[in-house]
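User: I would like to learn how to read a protein model, beginning with the whole chain and ending with one helix.

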Amino acid sequence: MTIADNAQSTDHDVETHHTFCRFCHASCPIEVDVAGGQAVAIRGVPEDPLFAGYTCIKGRQIPEQMTHPSRLRSSLRRRADGTFEEISSQDAMDAIGAELKRILDTYGPRAIASYTGTGGYQNSLAVPAARAFHQGLESPSFYTSVTIDQPAKTTAPFRVGIWEAGYHNFSDADVLLAIGYNPMVSSFSPVGGLQGTNPYVVLRDAKKRGMKLIVIDPRRTEFATQADIHLAPKPGEDPTLMAGILKVVIDEGLFDHEFCEKWVADLPQLAAAVSTFDLDYVAKRCDVPADDIVAAARMFATAAKGTSGTGTGPSMAPHSSLTEHLSIVLNTICGRVNREGDTLESGYFLYPETPRRAQVHAARPPATGANQRVRNLRGIRGEMLTTALAEEILNEGEGRVRALIVSGGNPVVAWPDQELTIKAMEDLELLVVVDHRMSATAEFADYVIAPTLSLERADVPHLMDRWFRAPYTNYTEAITPRIGDVMNEWEVFWELARRLNSPLPFPGGNAPMDRHPSDDEMLDLVYAGSRMPMDEVRRNRMKVHPDKAMIVQAADPACTAKFTVAPDDIVEEMRQIVVEGDSAAALGVDPAKYPFRLVSRRLKHVLNSFGSELSVLGSKGSTNPAYMNPDDMEHYDLADGDLIEIFSPRASVQAVVESAPDVRRGVISMAHSWGGSSLTDEKVRDIGTPTSRLVSVDKGYDTVNGMVVQSAIPVRITVLEQINR
Ligand SMILES: Nc1nc2c(c(=O)[nH]1)N[C@H]1C(S)=C(S)[C@@H](COP(=O)(O)OP(=O)(O)OC[C@H]3O[C@@H](n4cnc5c(=O)[nH]c(N)nc54)[C@H](O)[C@@H]3O)O[C@H]1N2
Ligand SMILES: Nc1nc2c(c(=O)[nH]1)N[C@H]1C(S)=C(S)[C@@H](COP(=O)(O)OP(=O)(O)OC[C@H]3O[C@@H](n4cnc5c(=O)[nH]c(N)nc54)[C@H](O)[C@@H]3O)O[C@H]1N2
Ligand code: SF4
Ligand SMILES: [Mo]
């Protein structure tokens with residue numbers, strides 16, 4: 001389909017196109033007016049059956065983003081004196097291709113790494129192209145932001161066992177237990193939760209039909225204010241709290257006895273493991289009223305349908321895998337799985353159909369990928385662990401990473417341990433950054449490649465496909481011509497593969513190398529074998545397909561597998577948290593020396609490190625404030641706008657404080673991925689600071705997936721500057 005096919009001419013200058021937003025993962029449908037090849041206006045789509053016109057403030061800035069003066073319209077090459085000069089994209093590909101060839105010949109394929117971040121994840125061809133590039137080269141060094149996000153979601157299910165038909169849907173849930181996520185701002189929920197598809201209306205309707213909401217969050221978030229029960233524990237104490245909730249459910253016999261009898265191998269072991277988590281102990285340690293814990297446990301377990309799930313908060317706190325495990329286990333022993341004849345909520349249209357029977361796949365080792373050269377870690381889900389990548393670059397020896405292609409990511413402000421990350425960026429023999437702006441990481445690049453932006457690309461909502469609250473499809477072609485000499489992320493990998501004589505293998509076969517394929521040909525190759533063929537997807541924009549929902553099939557009668565809810569290593573980790581007594585001890589530090597816990601959060605007006613360069617979003621604030629409880633501020637004689645220094649066991653950052661009654665005492669709530677590459681924060685009021693500097697890669701990390709402690713970080717503060725006094 002061409003651009004014109006989807007255009008409705010409103011007058012002879014302006015054409016209106018339907019597409020969907022790709023500022024974040026949520027894929028809200030939008031209507032864009034295009035005049036003179038440029039987007040001039042943007043609106044939600046009221047008739048969309050799922051989103052009903054919803055958009056957020058970020059998405060509405062896309063017209064400005066496309067043409068903003070800071071947008072790179074040409075690629076850049078670093079000169080010997082460190083400044084950048086423009087270079088044509090083809091010359092850049094030639095030069096990078098030659099460098100990669102040299103590195104490949106000298107060190108072998110493992111030396112060539114790529115890292116796809118959030119900016120790349122929003123492009124349905126970027127991650128597949130990066131993956132294929134590594135397959136073609138036989139280089140295992142494929143990294144993405146998933147492994148510094150919520151990797152326990154990938155690994156924890158393997159330790160419990162996987163229910164082939166999945167856990168309950170959101171649409172008919174009677175209860176939702178939300179542990180550390182805030183979809184009203186982030187548009188994110190785990191599977192079975194409320195998604196970013198029109199979150200305010202969807203939540204209101206769910207509550208109207210009687211759904212109960214329990215939120216566990218140290219902050220009284222926009223989501224928590226809507227909760228029937230809000231537990232605001234000390235950050236990092238979710239494993240203890242979840243063990244306490246499980247103990248109430250087991251002691252009061254509120255679990256699904258019949259289901260456990262048939263499908264759970266080791267309920268007595270779980271009961272024994274949680275038996276040490278007395279209500280008084282849990283209440284005191286988490287600083288949550290005991291009655292509220294009991295009420296939450298009963299509200300969850302006595303409901304008929306609905307799930308517990310985690311977001312980034314607990315997934316970044318100490319013992320993240322344990323929290324994820326206990327959340328899955330709560331769902332499991334309460335029998336919150338889809339049964340034979342049930343309907344799956346999402347359509348899973350973009351990937352090959354797999355059987356959905358009401359049965360278990362037994363637990364198996366979660367991390368089976370390539371070996372990292374640090375901490376005895378190994379990759380997960382076909383990718384390696386970003387928490388190890390800085391050291392993979394810096395540590396000498398066989399297999400050392402020497403070249404890095406960053407596709408829509410910003411390591412200098414997002415990866416754990418900023419100082420180590422900067423050292424790694426400087427140490428590389430070749431750093432290529434594909435980004436539409438001069439990010440903190442681009443400053444270190446040998447080449448910055450200017451990419452297409454969303455409206456210039458064809459796409460499918462590849463992330464939301466398994467999260468949509470209905471079997472929904474959408475597709476978009478490019479609706480505006482490219483501005484400047486820019487490349488789609490997949491083209492970068494295709495051009496480089498071609499120069500290295502290396503194939504780009506996809507489910508539909510290798511990408512052609514003798515001619516330039518189109519975005520649509522690439523979509524056909526990448527999404528070949530999908531449950532709904534790509535051509536049919538293209539014909540079905542913004543459409544719900546009730547007739548194509550997946551129905552859960554009967555279990556294979558020969559299936560004898562069962563869930564393992566209390567594997568030995570999990571039981572051991574539960575013992576360990578009791579010995580630690582406080583989540584700070586997981587990092588080997590004395591909690592008394594670090595009286596605060598720094599927690600992560602999202603801000604409405606930015607997406608991680610980008611957005612604030614745009615006028616409307618930038619006007620919402622030029623820094624990432626340290627939000628603190630007013631009583632804590634009074635204790636330190638602080639007022640809004642004062643400057644503090646925040647010390648973790650690893651490093652310190654400066655921050656501008658802002659009072660926030662919604663943050664519990666002892667907590668600092670601060671967004672990540674702000675600031676630049678200076679380690680001394682001179683511009684804290686203008687560009688903020690990266691909390692990632694406070695993170696250690698080798699303390700309190702998860703031994704299975706390498707996840708580090710990026711939230712509930714033990715910190716202390718000093719006062720730097722008291723203004724207005
Ligand atoms: N301390 C701490 N650290 C964290 C977190 C935390 O909460 N606390 N959160 C973690 C999480 S969840 C994540 S996902 C990571 C994020 O890690 P990253 O993804 O590495 O960081 P972002 O800031 O999202 O970087 C996205 C980059 O993509 C660019 N971009 C935007 N759109 C496009 C596009 O269309 N094409 C291209 N090529 N580039 C584009 C942006 O300009 C930006 O520089 O950080 C993690 N780090
Ligand atoms: N507007 C906007 N939307 C975004 C992003 C953005 O930057 N801006 N980023 C995108 C990305 S990359 C991601 S991964 C998703 C994340 O989506 P979410 O997981 O919903 O992220 P947050 O809104 O930060 O919610 C995390 C919550 O966890 C709480 N929390 C922190 N530490 C703990 C803890 O130890 N225990 C408990 N129980 N709670 C804790 C925080 O107070 C916060 O309310 O959002 C995406 N959407
Ligand atoms: S929620 Fe995400 S996809 Fe929707 S309009 Fe906002 S940024 Fe765009
Ligand atoms: Mo993320």
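Analyst: We go through the chain first and one helix afterwards. This is a predicted model, in which local features need pLDDT of at least 70 and side-chain atom pairs count only at pLDDT 80 or more, while totals for chains, interfaces and linings use all residues. Residues are numbered from 1 along each chain as its sequence is written, chains are lettered from A and ligands numbered from 1 in the order in which they are written, and side-chain values use heavy atoms, leaving out hydrogens and water.

User: How many helices and strands does the chain have?

Analyst: Helices (H or I, at least four residues) and strands (E, at least two) are DSSP runs, numbered from the N terminus. The chain has 24 helices and 27 strands. Its radius of gyration, taken over C-alpha atoms, is 25 Å, close to the 27 Å from the globule rule (2.2 Å times the number of residues to the power 0.38) for 725 residues, so the chain is as compact as a globular protein of that length.

User: What share of the residues counts as buried?

Analyst: Buried means under 20% relative accessible area, exposed over 50%, and partly exposed in between (1.4 Å probe, protein chains only). Here 63% of the 725 residues are buried.

User: Is helix 5 mostly covered or uncovered?

Analyst: Helix 5, residues 152–160, is mostly covered, with eight of its nine residues buried. Among them are Phe158 and Arg159. With contact meaning heavy atoms within 4.5 Å, the buried residues pack against strand 9 (162–163), helix 14 (320–333) and helix 21 (568–580).

User: What phi does Gly161 take just after helix 5?

Analyst: Gly161 has a positive phi of about 110 degrees.
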